[in-house]
Structure formats: structure tokens, C-alpha cells
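Here are my notes on this two-chain model, written for someone opening it for the first time. Keep the structure open beside you as you go through the points.

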Amino acid sequence: MGWDRKRRGPASGYFYLSVRTSTGVKKIYLGRRVTAHVAADDVEQRREARRTIARHGERAVAVGSEAEPLRLEDDLIAWADALSSAWLILSGHHKHHGCWRKKRD
Amino acid sequence: MTEPIRKRAKGSPAKSAKKSPEVGSRAWERSLANDPTYIRNTVESLIRRAEGGDRGAAELLFGWLEKNPDTRSTIRGLDELALKIERMWAERLFGTDEVGKAALREEVAALKAGLLGPAPSALEKILANSVVIAHLSFQQASMVASGTAEGAGGREARERRLSLAQKRLIAAVKTWEQISGKKAAGLRPRGKIAIFEPLAPSE
């Protein structure tokens, strides 16, 4: 949810937090004071983290010194994927909806 | 009297510098067969074509891997890459704790011994290495996620990183399982392609 500006009342509006519960999504009224601003910051930070991950992948959320080993790990995994696919193709397999299957002779 | 130092003219190549082949020449084309990025791009491109139903691509892939036995030495270089990543994760997990690092080295050695059969090929070594690396990466992500994070954004990022590390570990184990399972069932690629053949004990 977020800031909801009413026809009457303050220009900033009131902050409503969306919470997922077992019975569905619920709107919680947090008003327009400190609690509302802290919650709004929290929501914005989470949104920004999700956007960064979507744009740059796992390495973007790596904490400090993790970026370099993750970059090298990406490289090793790409090799493992390429060579295992080559092995499967050359041993008579084909990909069917994401699964490798042996071709019938 | 000392002799004046002759300065090399700007732009002229140094005598000792190894001359790289001119781009587009035959020597340059031959040198590409040893370039890891070129090898991987070629293999990936042929795989994509084969997956897309191009029947000739599998033949081309077979011919390319058979004609370029030097690929094996490039791929052996991946052992060093894996070792480098292992050291990096050990450093990030244990810092200056040498006892912890030694215990981790033992754990990694045991894990590899369990994953590799008696006569592994270069491919099996890479797959075992990627499982080990993904395991270390997951351990690191778990450690970071259990620590204190600044703000909700930081917490979200750490949890997301942990979930991605978990997915990557599962994918690495699945690939290893798939190849070793099919190999155990007696399947193997046709012909004799160096990277799929068992390594000599010294390799």
C-alpha cells in the first residue's frame, strides 16, 4: 500500500501497511506520525533491494567482499553447465521442456 | 663516461615483448583454440543450436571437441580457479582462524572424495568442484544472514542472497547427480573426447 491521501485531511495523507495473512492481504492503518514514516522507509528499502536484485542478479546483493568470489563462481558454474550439456548432447540426449531425455534409437 | 640511455620511440614495440598474432590472421585463429572464453562461447553456441533442434550442431560440437585436444589443458585450469574460490570462501568464513580453515580443508577434501569416483574425467572434476564451491558459498550466505543487518533493506538482501545460494547449491548437486547417474547406467559420449575420458592419476 503506502501513503493514502484523503480528500479531507493532511496533504501527506495516511500510511497503510499491507500485510499478508493466512486469510488474505490486510491493510493496517499506521497514521502519519513517526511509526508511519519508519514503516514507509522500511517498505522503500525492501523495494529498492528487490529492484537491484532484478537488475543485477545475485552479485548485486553480495555483502562487501563477497562480490569477487561470486564472480569467479559464476564463471565455474557456466563451465560446468556448458560441459555437462555437451556431454548429454554427445551421449544422445535432447532437451524436452527443460529436461534432458535420451533419444530413442 | 656512461652511455646515454636510448629511449624507445613512442609506439614502437619492445624487443622482449612477445608479439601477439595479428587479429584476423591464421596464427590468430589458431591461438583462439587456447582462449578459455572463445572455447566456452563456441561450446555454448553449438549447444544452443543443438537444443534448438539443429541436427548438424551436435556433429559440429563433436568434431570441434575432438579436433581441439588442447581444450583439455584449458579445462584443467579450472581446477586452479576452483582452488582459488575455495581459498576465498575459507578466508571469508574463518578470517585468521587457521584451525577453522584446516577443518574446512578436510571437509572439502572428504566431500570431493565422496563425489569423485575412482577414475574421474575432467568434466566430473568440474562438477564436483562446483558442488563444493556452491556448498561453501551457501555456508557463507547462511553465516551473513544470521548476523545483524542494517535496516530492512539489508536484511532482505541477505535473505535473498541466502535463497539464491541455496538454489545454486541444489542446481549444482542436480547436475552432478544427473551426469554420474547416467554414467553409472552405462551411458557415455561416442568417440574419444579428451575432456570426457578418465584422467591419468598424475592429472
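1. Let's start with chain B, which has seven helices and zero strands. Reading from the N terminus, its elements go α-α-α-α-α-α-α. Please keep in mind throughout that this is a predicted model.

2. How much of chain B is buried? Of its 203 residues, 28% are. As for how the chain folds back on itself, take the contacts in chain B between residues at least 6 apart in sequence: 61% of them join residues at least 24 apart.

3. Helix 4 of chain B (residues 71–94) is worth a look. Its 24 residues, at 1.5 Å a residue, should span 34 Å, and the C-alpha atoms at its ends are 35 Å apart, so the two figures agree. Just after helix 4 of chain B comes G95(B), with a positive phi near 60°.

4. Which residues of helix 4 of chain B are buried? The list is T71(B), I75(B), L78(B), A82(B), I85(B), M88(B), W89(B), A90(B) and R92(B). While you scan it, remember that an α-helix has 3.6 residues a turn, so residues three or four places apart point the same way.

5. What do those buried residues pack against? Within chain B, their partners are helix 2 (36–51), helix 3 (55–67), helix 5 (98–115) and helix 6 (122–146). Helix 2 of chain A is also on the list, so to speak, which takes us across to the other chain.

6. Now the interface. Here 33 residues of chain A are in contact with 47 residues of chain B. On the chain A side, the elements giving two or more residues are helix 1 and helix 2. Helix 2 of chain A supplies the largest share, 18 residues. By character, the chain A side splits into 19 nonpolar, nine charged and five polar residues.

7. For a single residue to zoom in on, try A82(A), which lies in helix 2 of chain A. Is A82(A) buried or exposed? A82(A) has 20 other C-beta atoms within 10 Å, and 20 or more is the cut-off, so A82(A) counts as buried. Leaving out residues up to four places away in sequence, A82(A) touches R40(B), V43(B), E44(B) and I47(B).

8. Chain A has strands too. Three of them make an open sheet in the order 1-2-3, with antiparallel pairing. Strand 1 (2–4) and strand 3 (24–31) of chain A are at the edges; each has a single partner strand, so one side of each is left without a neighbour in the sheet. From one strand to the next, the twist averages 40°.

9. Inside that sheet, strand 2 (residues 14–21) and strand 3 of chain A run antiparallel and are joined by seven bridges. If you want one pair to find on screen, S18(A) has K27(A) in strand 3 of chain A as its bridge partner.

10. There is also a hairpin in chain A. Strand 4 (residues 93–96) and strand 5 (residues 99–102) of chain A run antiparallel, with four bridges between them. H96(A) stands opposite C99(A) in strand 5 of chain A. Two residues lie between the strands of this hairpin, and H97(A) takes a positive phi near 50°.

11. Finally, how confident is the prediction for chain A? The mean pLDDT of chain A is 81, with 88% of its residues at 70 or more. Among the elements of chain A, helix 2 (residues 67–90) has the highest mean pLDDT, 90, while helix 1 (residues 34–56) has the lowest, 76.

Methods. Residues numbered from 1 in each chain as written. Chains lettered and ligands numbered in written order. Predicted model: local features only at pLDDT ≥ 70, side-chain atom pairs only at ≥ 80, totals over all residues. pLDDT = per-residue confidence, 0-100. Contact = placed C-beta atoms within 7 Å. Nonpolar A, V, L, I, M, F, W, Y, C, P; charged D, E, K, R; others polar. Pairing = 2+ DSSP bridges. Buried ≥ 20, exposed ≤ 12 C-beta atoms within 10 Å, placed from the backbone. Expected span 1.5 Å × (residues − 1). Axes fitted to C-alpha atoms, helices over the stretch in contact; angles between N-to-C directions.
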